[in-house]
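User: I'd like a close look at one part of this model, and then a tour of how that part fits in with everything else. Keep it informal, but be specific about who touches whom.

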Amino acid sequence: MVKGLGNIFRDGVFQDNPVYRQILGICSALAVTNLLINSFVMGMGLIFVTSFSSLTVSLLRNHTPSHVRMMVQTLIISAYVIIVDIVLKAYWPAMSDALGPYVGLIITNCIIMGRCEAYAQKNKPLPSFFDGIASGIGYMVVLLAIAVFREFLGFGTLFGISVVGDWWTNWIFMVMPPGAFFMLGILIWIANTYIPAKDEKLGGAK
Amino acid sequence: MEINPFTILIASIFTNNMILANFLGMCSFIAVSKEIKTSLGLGQAVTFVLTGTSVINYLVYTYILEPYGLEYLRFIVFIITIATFVQLVEMIIERYVPTLYYSLGIFLPLITVNCAILGVSLFMVIREYTLLQSLAFGIGSGLGWTLAIVALAAIRQKIKNAPIPKGLQGAGVTLIITGLMALAFIGLSGVVTIQ
């Protein structure tokens, strides 16, 4: 069952992408994508937490009694989220304010728990670590894809730099909640149409 | 922060709806909203747990964490409180109200990982609510969540036989509908505003 690193990454980022394929972790995916920079920071935070909690869960997997493993996983995840929160508060308070409670909500992001439970619990530390990174990157890619459109249409900027002239009329609608729902819905539509699911591919249906 | 608790209650149901304005609790929102009856059951359970945990977390935060300067531990403490509360509620309901237990049964454990619950506690801390305001916020958020999920379930039942393009079926179209609902709720934003 040991997959090559390349496979882990391809699955995590494209075929089994946590957001548009497994519909996990979409709370924060919707909330922070009104600006590219927020999405980027959130993605980095998630990559850090997912990879290190997968690593830790995997290291402890032979010493954790199975009936308390959920609680142990939650505590491990919380510990890493606290690190992210403290670092953000100390070095980038403005970003910490902008993300508000959504940093703390990384704990209940189902992607991390899902990877710990489905992969790290059964695999060696190093593959688990990379599996965590792959899922995190898959999450960040989707976030950035949504954010590019929302920030561009909503503010006419990318990473806060204006890319269109004064003639541009902002689509305020895109930075409000409905814009997020529509963008994610359309993205899932595109992904389902053009990126074949794994089992279909194995069946030779391309 | 002298907002009337009643204002918070109304605002968290309509204008600051947990799902439609803050995107919290989306996972179960998409997964469970296939039938009105189950949605209502989950909504009740969420409202109940939200009301309880917002008060408990407020007390824990104000009287234990803050005096000792342990605010940074709030994530761990809140999640433990929520998990314990859900476990306790499950045991009490099973013992005394078995009929309710069987109707809520499967949903209760799911609630621990519902981001709306943790989200309400975190918002409460960030916005520096008082006890009464937290209680109103908890109840209102729960009711708002229930309202949104039941409405979505009703819409989804109506369009069950609609010819939807293949790639859009399931999660895709559900998100688009949610977007339309959010759009409709923005129309109410003039009624009350809190931040």
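Analyst: **One residue and its surroundings**

Let's start at B:I19: leaving out residues up to four places away in sequence, B:I19 is in contact with B:L24, B:G25, B:M26, B:F29, B:W145 and B:A148. Keep in mind that this is a predicted model.

B:I19 belongs to the largest nonpolar core, which has 105 residues. Within that core, B:I19 is listed with A:I26, A:C27, A:L30, A:L184 and B:L118 as the residues that touch the most other members. The names come from chain A and chain B, as you can see. The element that gives the most to this core is α8(B), with 10 residues. Apart from that big core lies another one of 6 residues, including A:V13, A:L55, A:F129 and A:A134.

Now stay in chain B and look at B:F23. B:F23 sits in the loop between α1 (5–13) and α2 (26–32) of chain B. What is odd about its backbone? Its phi is positive, about 60°, although B:F23 is not a glycine. In general, most residues other than glycine have a negative phi. Is B:F23 buried or exposed? B:F23 has 28 other C-beta atoms within 10 Å, so it counts as buried; the cut-off for that is 20 or more.

B:E128 makes a handy contrast. B:E128 also has a positive phi, near 55°, and is likewise a residue other than glycine. Its place is the loop between α7 (115–126) and α8 (131–158) of chain B. B:E128 has 8 C-beta neighbours inside 10 Å and therefore counts as exposed, the limit being 12 or fewer.

Back to the helix before the B:F23 loop. The buried residues of α1(B) are B:I8, B:L9, B:I10, B:A11, B:S12 and B:I13. Part of what covers them is α8 of chain B, the helix that gives the most to the largest core.

Zooming out, chain B has 9 helices and 0 strands. Its radius of gyration is 17 Å, close to the 16 Å that the globule rule gives for 195 residues, so chain B is as compact as a globular protein of that length. Along the principal axes, the C-alpha atoms of chain B fill a box of roughly 60 × 45 × 25 Å. Of the 195 residues, 48% count as buried. Of the contacts in chain B between residues at least 6 apart in sequence, 81% join residues at least 24 apart.

Next, how do the two chains meet? 32 residues of chain A are in contact with 30 residues of chain B. On the chain A side, the elements that give two or more residues are α2 (26–31), α4 (69–91), α6 (110–120) and α9 (177–194). Of these, α9(A) gives the most, with 11 residues. By class, that side of chain A has 24 nonpolar, 8 polar and no charged residues.

Inside chain A, try helix α3 (residues 36–59), where A:I37 sits. A:M42 is in helix α3 of chain A too. How do their surroundings compare? A:I37 has 15 other C-beta atoms within 10 Å, so it is partly exposed, while A:M42 has 26 and is therefore buried. Setting aside neighbours within four places in sequence, A:I37 is in contact with A:F159 and A:G160. With residues up to four places away left out, A:M42 touches A:S28, A:V32, A:L99, A:Y102 and A:L143.

One helix pair rounds this off. The axes of α1 (residues 5–15) and α7 (residues 125–155) of chain A come within 7 Å and cross at roughly 30°. The crossing of α1(A) past α7(A) is right-handed. On the α1(A) side, the contact is made by A:L5, A:I8, A:F9, A:G12 and A:V13. From α7(A) come A:P127, A:F130, A:D131, A:A134, A:S135, A:I137, A:G138 and A:V141. By class, this contact has 9 nonpolar, 3 polar and 1 charged residues. Two names here should ring a bell: A:V13 and A:A134 are among the members of the 6-residue core.

Conventions:
Residues are numbered from 1 along each chain as its sequence is written. Chains are lettered from A and ligands numbered from 1 in the order in which they are written. This is a predicted model: local features need pLDDT of at least 70, side-chain atom pairs count only at pLDDT 80 or more; totals for chains, interfaces and linings use all residues. Two residues are in contact if their C-beta atoms, placed from the backbone, lie within 7 Å. Helices (H or I, at least four residues) and strands (E, at least two) are DSSP runs, numbered from the N terminus. Ala, Val, Leu, Ile, Met, Phe, Trp, Tyr, Cys and Pro count as nonpolar, Asp, Glu, Lys and Arg as charged, and the others, Gly among them, as polar. Axes are lines fitted to C-alpha atoms, for helices over the stretch in contact, and angles run from 0 to 180 degrees between N-to-C directions. A crossing is left-handed if the near helix is turned anticlockwise from the far one by less than a right angle, and right-handed if clockwise. A nonpolar core is a set of buried Ala, Val, Leu, Ile, Met, Phe, Trp, Tyr and Cys residues joined through C-beta atoms within 7 Å. The radius of gyration is taken over C-alpha atoms; the globule rule is 2.2 Å times the number of residues to the power 0.38.
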